[in-house]
Amino acid sequence: MFLIIIHLLFTLFTLTHSISDHPILIVVSFDAFRYDYFAKKVTPNLLRLRERGSYADYINNVFPTKTFTNHHTIATGLYAENHGVLGNSYYDKIKQISFKIGYELFHYDETIIPIWRLNEMSGHGRFSGSMMWPGAAFEYQGKLPTHLQKFDPEWNWYKRVDTVLSWIEDPTKPANLVMLYFEEPDTHGHAFGPKSKEVVEMLQRLDNVSYYLHEQLKRKGLTDKVNVIHLSDHGMTTVTPANFIDFTKYLKPNTYEIACTSPALHVIPKQGMEEEIYALLKNASQDLGHFTVYKKDAIPSRWRFKNNPRVPPIYVVADEGYAFQDMFESVKYFSGRYGFQVRNDSEFGIHGYDNQLPSMRPFFLAVGPQIKSNHKVAPFNTVDLFTLFCAILNIKSTRHDGIYSNIESVLVGYHASMLPIVVIIVGGVTLALLLIVCAAVATLLIIKRQQNITTAAALNKRFPQNFSHSTIEAQHLLEPEDA
Ligand SMILES: [Zn+2]
C-alpha cells in the first residue's frame, strides 16, 4: 500500500513537472502597443516586469509599419523585401487577383523558416505552439506548429494564457517555444484613436492578463524556467476624416487596381497605363498635398522594401496623420460596430507610416532565467529579435537580417568583450618593457664608453707611445692598478 502511494505521488509529481528539457520561451505580442503607452501610467504590472528584467525604450520596426509585415519580421528576422509580406495584402500581376491574409501572402519564398518551425526542425524533442500568431496558421516546409490555435477574437484572453501554459506542461509534447498574440490595443486604437479612454481600458486589461500569466508561472514553479518576452509590432497615430485623401478622383475608372490599406497603397496600372497614372497621381499629390507618389525604383532604399517582385509599379504613401479613400469604408465599419456617428473631426487610429516616425515605434521587455535583471538595452531593430530567440532557445539561426550584438546584452552571462582592454594592457606593458630595455642598453653603452675614454686617457698617460690601438689590452693592463 505504502509503495503504491509513493508511486502515485511520483507519477503526480512527474506529470505536474512535465516541461521541456530545452530552454523555454514565450513571445507575447500586444498588437499596436506603442512604446510610450507606458507613460499613460495604467500598466503597473508591465512596468514592474520592465524593472525586473530587461527592456528597451523602443524598437525600430520595419516598413511598412503594418501588422503582418512586422509579425513576420519578428518570426523570421527578415526585412519586408526579403520575406515578401509587404502589407496586409498584395496584387498578383500574373494571376490578376489580390491576396489578403492566407498561405500565399506568407509564402513569397518557400525556403523562409519562421522561428516556430526552426525550433521544431532543431530536433531533440523541441515543440512549438502558436496562440493566434499572425502567419502561424499556415504550413511552412509542409508543417504546422505542434500546438496551434488559429485567430479567434472571441477567445477569452485568460483562456489563451491557460492554453499556452497547458502546452508548456503537455505530458507528451511539452512546448519550449510559444508565440502568443493579442489583437489589442490595435482594434480599439483604430476605432477610437490612441488618445482614447477605450485604448486606456485595453491597456489595463492587457496589464491584468500579463499579471495573470506571470502569477500562473509563479504558482506552477515555472518563473525560473520560462523566459517571457513582451513586445509589439508597431505604434499608432491619430487620423480624422478631414485628412482622408481621395486620389481616385484624379484617375480614370478601370485603369488600375489597388492593394493594401492606408496609409501606404499599392497602385497597379492596367497594361500600358503606368506612365499616365503616375503623371495623374503626381498631379494629385501636388494639388492635394500630404502624400508622396513613388515609382518602384524611387522607393527609399532604407525601407528595405523595394527589392521584391511583389512591389507594385506605383506606391503611394501618406504623410503622418493623413490617409486615403479606403478609410471612409473603415470608419463606416467602426461606427456600425461600436455605434457612433462619424464627424469630420472624429479621431481614429492608423499605422503603416515611415518606420522612422516615433509614433510607429513598438516596445520590448523580457524576463526569465536567461534574461538579465534591471537592465536597459539601447533601442535595437525588430529584425534583431530572431537572433535573440535563437540564442535563448540554443538553436542555430538560419538566414536573417538581424545583428545579434545589438541585443545580446540582455542575456545573463553576457559581458562586454574584454579584447580591447586586453590589447591596451598587453600593448602598454610591452611598450614600457621595450623602453626600459632601451634605456638600460643606452645607459650601459654610455658607461662603457666613459670607461673606455677614461682607460685610454690613463694608459696614454702611463704609456704614451703604445696605447692608442687596443682598449681590450689596455683594460687588461690597467686591471691590477684599478682593482
Ligand atoms: Zn498590428
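**Note on the predicted model: two sheets and the helices packed on them**

1. Of the contacts in the chain with a separation of 6 or more, 72% are between residues 24 or more positions apart. The model is a predicted one. Its chain has 483 residues, and 42% of them are buried. The secondary structure consists of 13 helices and 20 strands.

2. The eight-stranded sheet. Eight strands make an open sheet with mixed pairing, in the order β7-β6-β8-β1-β9-β18-β2-β19. Its edges are β7 and β19 (375–376), and each of these pairs on one side only. Within the sheet, six bridges join β1 and β9, which pair in the parallel sense. In that pairing, valine 27 is found opposite isoleucine 229 of β9.

3. Helix α6 on this sheet. The helix covers residues 157–168, and its 12 residues at 1.5 Å each should span 16 Å; the C-alpha atoms at its ends are 17 Å apart, which agrees. It lies across β1, β6, β7, β8 and β9, and its direction is at about 175° to β8.

4. Which residues of α6 are buried? They are Arg160, Val161, Val164, Leu165, Trp167 and Ile168. Looking down the axis of α6, these buried residues fall within an arc of 155°, so they line one face of the helix. An α-helix has 3.6 residues a turn, so residues three or four places apart point the same way. Lys159 and Ser166, on the other side of α6, are exposed.

5. What the buried residues of α6 pack against. The strands are β1 (24–30), β6 (128–131), β7 (147–149), β8 (177–182) and β9 (226–231), and helix α8 (197–219) is also among the partners.

6. Helices α2 and α8. Helix α2 (residues 44–52) packs with α8 at an angle of about 50°, and their axes are 7 Å apart. The angle makes α2 oblique to α8. On the α2 side the contact is made by Pro44, Asn45, Leu46 and Leu49, and on the α8 side by Asp207, Ser210 and Tyr211.

7. The four-stranded sheet. A further open sheet has four strands in the order β12-β13-β15-β14, with antiparallel pairing. β12 (256–259) and β14 each have a single partner strand and stand at the edges, so one side of each is left without a neighbour in the sheet. From one strand to the next the twist averages 25°. Helix α9 (residues 274–288) packs on this sheet and touches β12, β13, β14 and β15; its direction makes about 160° with that of β14.

8. The neighbours of β15. Strand β13 (residues 264–269) pairs with β15 in the antiparallel sense over four bridges. Here valine 267 is opposite isoleucine 314 of β15, and leucine 265 has valine 316 as its bridge partner. Strand β14 (residues 291–295) also runs antiparallel to β15, and five bridges join the two. In this pairing valine 293 has valine 316 as its bridge partner. Valine 316 is thus a partner of leucine 265 and of valine 293.

9. Is β15 mostly covered or mostly uncovered? Strand β15 (residues 314–318) is mostly covered, with five of its five residues buried. In a regular strand the side chains alternate between the two faces of the sheet. Both faces of β15 are covered: on one side Ile314, Val316 and Ala318 are buried, and on the other side Tyr315 and Val317 are buried.

10. Glutamate 274. This residue belongs to helix α9, the helix that packs on the four-stranded sheet. Is glutamate 274 buried, partly exposed or exposed? It has 17 C-beta neighbours inside 10 Å; a residue needs 20 or more to be buried and 12 or fewer to be exposed, so glutamate 274 counts as partly exposed. Leaving aside residues up to four places away in sequence, glutamate 274 touches Pro269 and Pro313. Its C-alpha atom is separated by 9.3 Å from that of lysine 295, and the two residues are 21 apart along the chain.

Conventions
Residues numbered from 1 in each chain as written. Predicted model: local features only at pLDDT ≥ 70, side-chain atom pairs only at ≥ 80, totals over all residues. Pairing = 2+ DSSP bridges. Expected span 1.5 Å × (residues − 1). Arc of directions from axis to C-beta. Contact = placed C-beta atoms within 7 Å. Axes fitted to C-alpha atoms, helices over the stretch in contact; angles between N-to-C directions. Parallel < 35°, antiparallel > 145°, perpendicular 65-115°, else oblique.
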